[in-house]
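Work through the exercises below with the coordinates open. Each task is followed by a solution in steps.

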Amino acid sequence: MSTPDTETITIGKIKYTNAWPIFHYFNPSELVHPVEMISKVPAELNRGMLNGSLDVSAMSSFAYASGSEEMLLLPDLSVSADGPVQSILLFSHKPLDEIKNGTIALTNTSATSVNLLKILMQKAWEGQPSYFDCEPDLDLMLEQADAGLLIGDHAIKASWRQEGLYVTDLGEEWKRWTGYSMTFAVWAVRRAVAAQNPDAVAEITAAFCASKQRSLADLTPVVSEACSEIGGLPDYWERYFTNLCYDFGEKEQRGLELYFQYAHELGLLDRRVKPLLWSDNTLTRVKE
């Protein structure tokens with residue numbers, strides 16, 4: 001963990017494309033405060049924030065809830081969807097109604113989507129399937145289960161070749177059932193780090209927000225990178241990034257709080273969680 005003005009702050013970066021607009025123009029070398037970027041899949045970033053090896057990170061919303069007593073959320077930053085998300089997908093050979101009491105293979109790369117599926121299955125669709133964790137390989141999943149849940153780039157690639165499969169978009173289903181948007185990832189800071197390094201956290205937050213705004217003003221570079229690294233056509237990626245919401249306003253916060261409420265009701269969370277935002281009180285100190 002970092003200490004004031006001495007240690008480097010470690011920042012976790014999600015590898016998945018859905019977070020690229022927030023990270024694309026974020027350049028650690030341009031910051032006054034020293035930082036180190038660590039790029040991993042969400043599950044590894046989640047562990048880093050929970051065990052304290054990361055100071056600031058993009059992370060799964062559910063993982064934030066699990067460790068919310070030690071963390072605060074950075075304002076104006078998320079990966080959310082007010083409807084279809086296009087990269088949190090349940091694939092099956094049969095319609096949803098025929099597999100809701102069957103066997104489902106779950107991706108082992110994120111917690112938010114797994115628990116969203118469990119909430120939808122039990123509360124919205126009145127299903128009681130059995131689950132098991134699996135590597136994010138759709139062919140392997142469907143050899144062993146009635147359905148497979150994939151997220152991120154694995155889901156996107158599978159959706160391009162899903163001929164003959166039923167595909168259920170969890171963002172779309174959440175919106176249809178609740179009327180709310182769904183926040184899949186948030187940006188969090190450990191409370192001790194925020195208390196010790198408020199100026200650094202303010203600078204990091206501002207740099208992320210600036211990167212987001214610059215990316216969304218012209219998605220061409222991000223789209224080009226996605227085509228080069230993941231594949232697909234520019235039109236697909238333009239629609240994909242435009243469809244997502246990268247803000248974390250009142251609407252996104254209400255939807256996330258409802259998700260946490262349902263997770264608690266099903267015993268997935270051991271307590272009620274209300275998202276709490278970090279605020280830059282350095283401005284208050286200056287005025288005083």
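**Exercise 1. Find the side-chain contact at the start of H8.**

Step 1. At the start of H8, a side-chain oxygen of Asp 169 comes to within 2.9 Å of the backbone nitrogen of Gly 171. This is judged as a polar contact, meaning a pair of N or O atoms within 3.5 Å; within protein, one must be able to donate a hydrogen and the other to accept it, and residues adjacent in sequence count only if both atoms are side-chain atoms.

Step 2. Check the conventions. The model is predicted, so local features need pLDDT of at least 70 and side-chain atom pairs count only at pLDDT 80 or more, while totals for chains, interfaces and linings use all residues. Residues are numbered from 1 along each chain as its sequence is written, and side-chain values use heavy atoms, with hydrogens and water left out.

Step 3. Helices (H or I, at least four residues) and strands (E, at least two) are DSSP runs, numbered from the N terminus.

Step 4. At the other end, Gly 179 follows H8 and has a positive phi, near 85°.

**Exercise 2. Determine which residues of H8 are buried and how they are arranged.**

Step 1. H8 covers residues 170-178, and its buried residues are Leu 170, Gly 171, Glu 173, Trp 174 and Thr 178. Buried means under 20% relative accessible area, exposed over 50%, and partly exposed in between (1.4 Å probe, protein chains only).

Step 2. Viewed down the axis of H8, these residues fall within an arc of 165°, so they line one face of the helix. The arc is that of the directions from the helix axis to the C-beta atoms.

Step 3. List the partners by contact (heavy atoms within 4.5 Å). The buried residues of H8 pack against several elements, including strand S5 (88-92), strand S8 (147-151) and helix H13 (250-265).

**Exercise 3. Describe the sheet that H8 lies across.**

Step 1. The open sheet has five strands in the order S7-S6-S8-S5-S9, with mixed pairing. Two strands pair if DSSP finds at least two bridges between them.

Step 2. S7 (130-134) and S9 are at the edges with a single partner strand each, so one side of each has no neighbour in the sheet.

Step 3. S5 and S8 run antiparallel and are joined by five bridges; Phe 91 stands opposite Gly 148 in S8.

Step 4. H8 lies across S5, S8 and S9, at about 55° to S9. Axes are lines fitted to C-alpha atoms, for helices over the stretch in contact, and angles run from 0 to 180 degrees between N-to-C directions.
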